[in-house]
Amino acid sequence: MDLINDLLKIIGDFIAGIINSIFGFSPFLADLVTMGLAAVMLCTFAALSFMGLTYVERKVVARIQDRVGPNQAGPFGLLQPIADGIKMFTKEDTTPATADRWVYNLAPLVIAVFALTTYAVLPFAPGVVGTNLNVGVFYIIAMGSGSIVAIIMAGWGSNNKYALLGAFRTVAQLVGYEVPMLLNVLPVVMITGSLSLVDIINQQTTLNGNPGIPFIVFFPFSALVFLISGIAETGRSPFDLLEAESEIVAGFHVEYSGMKFALFFLGEYVNALAVAFVFSTLFLGGYAGPVLPPYIWLMLKAAVVFFIFMWLRGTLPRVRVDQMHNLNWKFFVPVSIVHLVVVMALMKLFVTSPALAQANGGVLVTPGAQAAILFVASLLILIGSLAVVARRARILRLQEAAVLEQRRAENIAAVSA
Amino acid sequence: MRTDFAFVGVMLVTAALLMGVTLIAASLLRPKKPSKAKLETYECGMQTVGDTWVQFRVQYYVIALVFVLFDIEAILLFPIAVAFNSLTFFAVANVILFIVVLLIALLYAWRKGALDWE
């Protein structure tokens with residue numbers, strides 16, 4: 001046991017040891033207290049990172065937009081999240097007289113609980129994971145869908161037309177982007193042969209004779225589509241149609257204020273951070289990495305992914321509803337299916353283990369060669385599909401320009417006549 | 001195995017408790033001065049007109065149908081993906097056939113205009 005590398009595990013074992021000695025009379029109680037403490041730690045981690053991220057995001061987006069950002073509360077505005085917290089706690093919170101009180105009040109709780117529960121399966125270091133579920137990937141996507149329930153609850157319960165319209169379009173967006181997300185996790189699961197996040201990370205290390213190549217090299221197409229669908233799943237800019245203030249005020253949470261609004265905000269940020277963690281785990285190798293301790297690696301990777309989120313938010317304008325649906329149903333889903341079929345065929349044609357080659361046939365290659373083959377195939381699909389889309393977009397643009405030109409000619413003719 | 005999922009239950013309860021306590025604490029700390037105008041629906045600054053449960057466009061329904069189709073497809077593919085290494089060529093060919101049939105279904109829906117938003 002290396003003190004630095006296994007710091008989290010040593011601390012965890014130490015606390016578990018203390019609890020076990022206190023509750024020595026009942027193993028059940030000891031287990032329960034240990035699990036409860038671990039759950040509190042994970043929730044606290046998520047909530048604290050939410051506070052930190054609101055500050056960091058405001059600063060980064062401000063820098064991108066050539067502003068200063070929060071700089072009044074404390075040095076460099078560092079106390080801004082605490083000031084926001086105090087404000088949220090002491091702000092008056094109204095429930096509209098016509099609202100459905102139960103549904104309205106439960107919705108923020110539901111979104112926050114589902115968001116926090118996602119963290120139960122994230123591995124932070126070897127042996128440091130809430131619970132290593134054998135259906136980890138599935139669990140994360142299921143919990144991610146929980147926010148849809150909360151959003152329809154909020155939109156319905158508010159008894160407000162803007163809220164209801166916002167909830168409708170949000171649900172259409174969130175359920176839609178779940179499909180490419182699931183389809184692009186499949187290649188990773190196929191190559192690992194397991195849904196457990198720990199197994200997926202081990203597959204990307206040099207353990208058990210694996211090549212130690214992160215899956216983004218195997219499936220660059222899947223990684224890109226997963227990242228973009230993840231942004232859409234969490235409703236972040238440029239897919240923040242759910243709170244398009246120019247069209248539907250603030251969408252499904254227009255009636256919420258005070259702590260209930262804060263919980264919606266928390267749910268959104270915690271979900272976005274969870275997507276960053278899951279992306280690092282599935283495609284960037286999770287906590288695996290040289291020299292630095294594993295938990296630092298995971299945090300670094302997640303931070304880079306989250307920085308990409310902030311960067312996109314700072315630079316891209318919001319997409320339209322029809323663009324959002326077209327991107328999903330007419331690009332991501334069909335191309336993901338084609339990608340899946342190609343990956344399936346290639347993985348059966350080029351196998352890495354001699355036993356499988358003997359049992360099912362196929363060409364025996366080294367893991368590195370398999371990675372190279374899959375990389376080239378995935379990249380070709382990515383570039384090819386983008387080329388097709390670019391051509392189609394140019395044709396549409398030309399058509400649009402022709403229509404505009406024709407209308408202008410008609411207008412001029414009408415005016416001169 | 002059972003303890004693995006027990007943690008999920010503990011996590012759900014803990015998260016609900018923590019967030020519930022936050023909500024209750026906020027409700028104790030904040031001022032409560034409701035008035036008739038404050039409790040009105042926040043729509044346009046005037047009395048809202050008509051029923052809130054507006055008709056929604058049928059497109060949402062179509063999208064939901066297509067979503068259910070492909071969500072179930074993806075869920076059916078997960079067990080296959082987990083067992084992928086032990087599958088024979090013939091089995092994988094069948095799976096690919098299944099996926100291609102669904103791809104054709106998607107193209108059909110596309111052709112029929114089910115995916116158009118306007």
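Colleague: Let's start with D66(A): where along chain A does this residue sit?
Modeller: Keep in mind that this is a predicted model. Helix α2(A) comes right before D66(A). The residue's place is in the loop between α2 and α3 of chain A.

Colleague: And what is the phi of D66(A), given that it is not a glycine?
Modeller: D66(A) isn't a glycine, yet its phi has a positive sign. The value is about 60 degrees.

Colleague: Is D66(A) buried or exposed?
Modeller: The relative accessibility of D66(A) comes out at 68%. The cut-off for exposed is over 50%. D66(A) clears that bar, so it counts as exposed.

Colleague: Which residue in the loop between α5 and α6 of chain A has a positive phi although it is not a glycine?
Modeller: The phi there is about 55 degrees. The residue has a relative accessible area of 14%, and since buried means under 20%, it is a buried one. It is N159(A).

Colleague: Back to α2(A): what span would you expect at 1.5 Å a residue?
Modeller: The helix has 38 residues. From its first C-alpha to its last it reaches 54 Å. That is close to the expected figure, which is 56 Å.

Colleague: On to the two chains together: how much area do chain A and chain B bury between them?
Modeller: Contacts link 83 residues of chain A with 69 residues of chain B. Of the area buried, 77% is on carbon and sulfur atoms. The total is about 7,000 Å².

Colleague: Which residues of chain A lose the most area to chain B?
Modeller: There are three of them, and together they account for 11% of what that side buries. They are K161(A), W329(A) and K348(A).

Colleague: Which side chains meet in a salt bridge across the interface?
Modeller: The rule finds one salt bridge between chain A and chain B. Its N to O distance is 3.2 Å, and the limit is 4 Å, so the pair qualifies. The partners are R30(B) and D93(A).

Colleague: How many residue pairs are in polar contact across that interface?
Modeller: Here both residues of a pair must be at pLDDT 80 or more. With that condition, the count for chain A and chain B is four.

Colleague: How many residues are charged on the side of chain A that touches chain B?
Modeller: That side has 54 nonpolar residues. Another 18 are polar. The charged ones number eleven.

Colleague: What covers the buried residues of α2(B)?
Modeller: This helix has 25 residues and reaches 37 Å, close to the 36 Å expected. Its buried residues include Y60(B), F67(B), F70(B) and F78(B). The cover includes α3 of chain B, along with three helices from chain A: α5, α6 and α13.

Colleague: What is the relative accessible area of S336(A)?
Modeller: S336(A) lies in helix α13 of chain A. Leaving out residues up to four places away in sequence, it touches P180(A), L183(A), N184(A), F221(A), V225(A) and F331(A). S336(A) is buried, because its relative accessible area is 0%.

Colleague: Last one: which residues of chain A does W110(B) touch?
Modeller: W110(B) has its place in helix α3 of chain B. With a relative accessible area of 31%, W110(B) is partly exposed. Not counting residues up to four places away in sequence, W110(B) touches L115(B) in its own chain and, in chain A, K330(A) and P334(A).

How values were computed
Residues are numbered from 1 along each chain as its sequence is written. Chains are lettered from A and ligands numbered from 1 in the order in which they are written. This is a predicted model: local features need pLDDT of at least 70, side-chain atom pairs count only at pLDDT 80 or more; totals for chains, interfaces and linings use all residues. Side-chain values use heavy atoms; hydrogens and water are left out. Contact means heavy atoms within 4.5 Å. Buried area is the accessible area (1.4 Å probe) that two parts lose on being put together, summed over both. A polar contact is a pair of N or O atoms within 3.5 Å; within protein, one must be able to donate a hydrogen and the other to accept it, and residues adjacent in sequence count only if both atoms are side-chain atoms. Ala, Val, Leu, Ile, Met, Phe, Trp, Tyr, Cys and Pro count as nonpolar, Asp, Glu, Lys and Arg as charged, and the others, Gly among them, as polar. Helices (H or I, at least four residues) and strands (E, at least two) are DSSP runs, numbered from the N terminus. The expected span of a helix is 1.5 Å times one less than its number of residues. Buried means under 20% relative accessible area, exposed over 50%, partly exposed in between (1.4 Å probe, protein chains only).
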